[in-house]
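These are my notebook entries on one structure, written down in the order in which I looked things up.

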Amino acid sequence: MKTVLITGATSGIGKATAKKLAKDFRLILCGRRQEKLDELKSELEKITEITTLNFDVRKKHEVFNAIQSLSENFRQIDILINNAGNAHGLASFQDADLEDLEAMILGNTLGIIYVTKAVLPFLTKNSGHIVNLSSIAGKEVYPNGTTYCASKFAVEALSKGMRMDLLNDGIKVTNIAPGLVETEFSIVRFKGDEDRSKTVYSGYQPLKPEDLAETIYFALMQPEHVQLADITILPKAQASATQVLKNI
Ligand code: 8X3
């Protein structure tokens, strides 16, 4: 049975993906909240073999130490799902808090670089697969999202470049760019303001984390010779990063 490492597995898309994959894969669940990892582990270990790694993708040494601490039976990783990521603030570039901007570049861009560099020595050659979670914000820039978008444009470049550089190693790279998905994303972006977060997802049907889990599963279950390179997935009510039809 293949082994999948998922970052950001404690909530949202990562958690839904862990649940979806449990019937077919062994799982390495990674996240910052150990109690959430433990909860998910105890739920899913009835179905498959699970281990957890507690680290913050923004902390280089934590990332490498955690991945190098994997026990012998989890040291061969077939699939890496770079899911962890966040937005911090939605403000003009001139007004945005510099620490928020640093956190997005660190978490969304450097985080993928750290985790992928740490996992690559353990990633199966000739049938390995990396899935990077980008965003519609990796395809289009929108006002007040400058650095968030920059962090996701970088993910797009990382996906394309990894696909080139890992071609000879037989490792597939799938880039997934979702639009509006209802998760803790906006609560984090708006620093705990649940009312403001709810307005982002009201008046239309946003994507659910489970929709993304289905998409990731679909990408992983393709025949060995098929590489889904780039998938953009939007709610029916969304046409672009800034165009959402509400009250339909
Ligand atoms: C999250 C989607 O539209 O808020 O990546 O940028 S959006």
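**Overall fold**

I looked up the secondary structure first and found eight helices and nine strands, taken as DSSP runs (H or I of at least four residues for helices, E of at least two for strands) numbered from the N terminus. The model is predicted, so I kept in mind that local features need pLDDT of at least 70, that side-chain atom pairs count only at pLDDT 80 or more, and that totals for chains, interfaces and linings use all residues. Residues are numbered from 1 along each chain as its sequence is written.

For the protein I noted a radius of gyration of 17 Å, close to the 18 Å that the globule rule gives for 248 residues, so it is as compact as a globular protein of that length; the radius is taken over C-alpha atoms, and the rule is 2.2 Å times the number of residues to the power 0.38. The C-alpha atoms fill a box of roughly 50 × 40 × 35 Å along the principal axes.

**Helices 4 and 5**

I then turned to helix 4 (residues 98–119) and helix 5 (residues 146–165), which pack at an angle of about 10° with their axes 9 Å apart, the axes being lines fitted to C-alpha atoms over the stretch in contact and the angles running from 0 to 180 degrees between N-to-C directions. That makes the two helices roughly parallel (under 35 degrees; over 145 is roughly antiparallel, 65 to 115 roughly perpendicular, the rest oblique).

**E45**

E45 lies in the loop between helix 2 (34–44) and strand 3 (50–54). Its C-alpha atom is separated by 9.3 Å from that of L27, 18 residues apart along the chain.
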